[in-house]
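Hi,

Here is the structure I promised to pass on. Have a look at it first, and then read my notes underneath.

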Amino acid sequence: TDFLMFLVLSLLDFFSTQKLDRIKEPDVITTDLSAVDDYDQAHKSSLVLLYALNLQIIQILLKNTKNLSVLDLACGPGVFTQLISKSLSVSEIMGVDLSEPMLKKEQKRFSNETLPCSFKFQLQDISDFSFLENEKFDLITFMNASHHISDLVSVKKIIEEASRVCKKDGIIFI
């Protein structure tokens, strides 16, 4: 059934008629309130198909692991963070982003929810997790934000830090 769900979601994404123009990000940090509002509406676009597909892949990879600790890098307004918290067996989830307006949207999104997990939001550069202990998270996600990263050296640093704070049997999903 996992494979069938994966296939159905892949086909839906492939045949989706809604297409979004690629707009180059003007800044590394999204602080423009209208742009933040646009990101906050991702769950109403065809991106939700990609999110559903990615969650299905994560579920297959995790093999029904319970009580996950999750780190969502460059979480933005928390659309994917919220889907993770509702779709997986999560005990704690942390969203990290450099945009204060994005984190305010995420806090608002989570404050309106009753979730079976603890959640925290951190205003932080995703290339420096010196405040986190080694091997803390079962799952680390980095969705739809790589276009904000300016160079490969920075990408390498992000992956190195994610590897350090991810448990040995954990998953980093980019």
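Strand 4 (residues 137-142) and strand 5 run parallel and are joined by four bridges. One pair to click on is Leu139, whose bridge partner in strand 5 is Ile171. Keep in mind as you look around that this is a predicted model.

Zooming out, that pair belongs to an open sheet of five strands, with parallel pairing and the order 3-2-1-4-5. At the edges sit strand 3 (118-123) and strand 5 (166-173), each of which pairs on one side only. From one strand to the next, the twist averages 20 degrees. In case it helps, strands of a sheet pair through backbone hydrogen bonds.

Now for the helices against the sheet. Helix 3 (residues 47-62) lies across strand 1 (68-73), strand 4 and strand 5, and it runs at about 160 degrees to strand 5. Helix 5 (residues 100-111) also packs on the sheet, where it touches strand 2 (90-97) and strand 3. The direction of helix 5 makes about 170 degrees with that of strand 3.

As for the whole chain, you'll find six helices and five strands, and along the sequence they come as α-α-α-β-α-β-α-β-β-α-β. The chain has 174 residues, and 41% of them count as buried. If you take the contacts with a separation of 6 or more, 77% are between residues 24 or more positions apart. The accessible surface is about 10,000 Å², with 56% of it belonging to carbon and sulfur atoms.

Cheers

Note on methods
Residues are numbered from 1 along each chain as its sequence is written. This is a predicted model: local features need pLDDT of at least 70, side-chain atom pairs count only at pLDDT 80 or more; totals for chains, interfaces and linings use all residues. Side-chain values use heavy atoms; hydrogens and water are left out. Helices (H or I, at least four residues) and strands (E, at least two) are DSSP runs, numbered from the N terminus. Buried means under 20% relative accessible area, exposed over 50%, partly exposed in between (1.4 Å probe, protein chains only). Contact means heavy atoms within 4.5 Å. Accessible areas come from the Shrake-Rupley method with a 1.4 Å probe; for residues, only the protein chains shown count as cover. Two strands pair if DSSP finds at least two bridges between them. Axes are lines fitted to C-alpha atoms, for helices over the stretch in contact, and angles run from 0 to 180 degrees between N-to-C directions.
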